[in-house]
Amino acid sequence: MSRLVNINGHIVPAEQANISAYDHGFLYGDGVYETLRTYQGVPFLLDGHLARLRRSAGLIRIDWERLPVEPSEEVRKTLLAADNEESLIRLAVSRGVGPLGYDPALCPKPSLLVYVQPFDQPPEALYQDGARALIVTVRRNPPAALNPYVKSMNLLNNILAAMEALEKGAEEGIMLNLSGNVAEGSNTNVFAVRGERLLTPPLAAGILDGLTREHVISLCLRAGIPCEETDIRPEELLSADECFLTSTTRELVPIVLIDGRSIGSGKPGPLTKRLLALFRAAVKEATGGHARG
Ligand code: PDD
């Protein structure tokens with residue numbers, strides 16, 4: 001098991017992974033990233049993550065063609081070198097190294113980093129018992145300020161939300177947008193269940209187009225479960241029958257308590273459990289029938 005970092009094609013142990021103090025990713029949070037995980041050693045939805053990384057880079061005008069190495073090949077090489085049973089992967093593209101200043105011309109070459117470390121599956125108790133969330137006071141960056149569509153290395157908005165939740169004993173902070181509607185978690189997308197219907201905020205609410213979210217929506221389509229992308233008021237979330245959060249690392253996490261109030265029965269609900277089972281079955285199918293069932 002190992003933690004390795006691939007910096008522009010050079011793979012080194014995590015302890016020796018150093019970058020320049022003049023990397024604009026460090027200086028200004030000027031870069032974009034993706035988080036992936038493997039199932040059976042194979043990165044899940046790699047093409048989707050690479051497409052989103054490329055789109056994020058384009059939105060902040062980092063020229064993909066100037067990357068010193070080819071991202072999918074570097075992911076493959078780093079995973080092979082790490083030889084972990086399962087890995088957590090972080091892909092980062094920064095503006096690159098250059099003198100102080102905001103002019104992108106100061107950094108002629110972007111940097112590509114691939115972090116690989118062993119992936120620890122969240123404990124099964126999280127899925128059996130559910131987690132707690134807090135609707136935080138920090139609002140989601142509005143698209144007109146910093147489009148959440150850009151999976152930006154500058155995560156202060158998300159970190160402040162996560163900190164507020166953790167300080168109040170919740171595992172995840174749910175942010176509202178400037179209109180006061182539910183946007184997303186600090187690093188998750190939000191779903192609610194009302195009767196037989198699944199509800200989730202639309203992309204226009206100013207959220208990241210989460211790949212797990214997208215996967216859940218397509219599972220609903222296939223299984224004939226009504227799923228509506230619609231604005232959700234915080235009070236509607238609190239009075240929902242069920243709620244769950246989605247992300248690459250945590251799949252579908254049932255939320256049983258928000259702001260100290262029980263959601264539905266206060267236990268993971270039937271539709272959440274059904275969708276988690278469908279999600280895991282789809283992963284199993286996609287990874288050749290070997291993933292955890
Ligand atoms: N977070 N919303 C935000 C703000 C996120 O940062 C993430 C992902 C998601 C869920 O997206 P996906 O299903 O594609 O993982 C939603 C990752 C896990 C992270 O920051 O490490």
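Buried here means a relative accessible area under 20%, so keep that cut-off handy as you click around. The model you have open is a predicted one, and this tour follows its aromatic rings.

Start with Phe-279, which has a relative accessible area of 3% and is therefore buried. You'll find Phe-279 in helix α8 (residues 270-286). Now add Phe-44, in the loop between β4 (42-43) and α2 (46-59). These two Phe residues sit 235 residues apart, so their pairing links distant parts of the chain. Phe-44 is buried as well, with a relative accessible area of 11%. Check the geometry: the ring centres of Phe-44 and Phe-279 are 6.4 Å apart with 80 degrees between the planes, an edge-to-face pair.

Keep both selected and add Tyr-39: ring pairs link Tyr-39, Phe-44 and Phe-279 into a cluster. While you're there, show Arg-37, which lies over the face of Tyr-39 at 3.7 Å from the ring centre.

Next stop: how many aromatic pairs does the structure hold? The count is 4. One of them is Tyr-28 with Tyr-102; the centres are 5.1 Å apart and the planes at 85 degrees, so this pair is edge-to-face. Tyr-28 belongs to helix α1 (residues 24-28), while Tyr-102 is in the loop between β5 (87-94) and β6 (111-118), 74 residues apart. Colour by accessibility here: Tyr-28 is partly exposed at 27% relative accessible area, whereas Tyr-102, at 71%, counts as exposed.

Last selection: Arg-280 and Tyr-127. Arg-280 lies over the face of the Tyr-127 ring, 4.6 Å from its centre.

How values were computed
Residues numbered from 1 in each chain as written. Predicted model: local features only at pLDDT ≥ 70, side-chain atom pairs only at ≥ 80, totals over all residues. Heavy atoms only, no water. Phe/Tyr/Trp six-rings, centres within 6.5 Å; stacked < 30°, edge-to-face > 60°. Helix = DSSP H or I, 4+ residues; strand = E, 2+ residues; numbered from the N terminus. Buried < 20%, exposed > 50% of the residue type's maximum accessible area, 1.4 Å probe, protein only. Lys NZ or Arg CZ within 6 Å of the ring centre and 35° of its normal.
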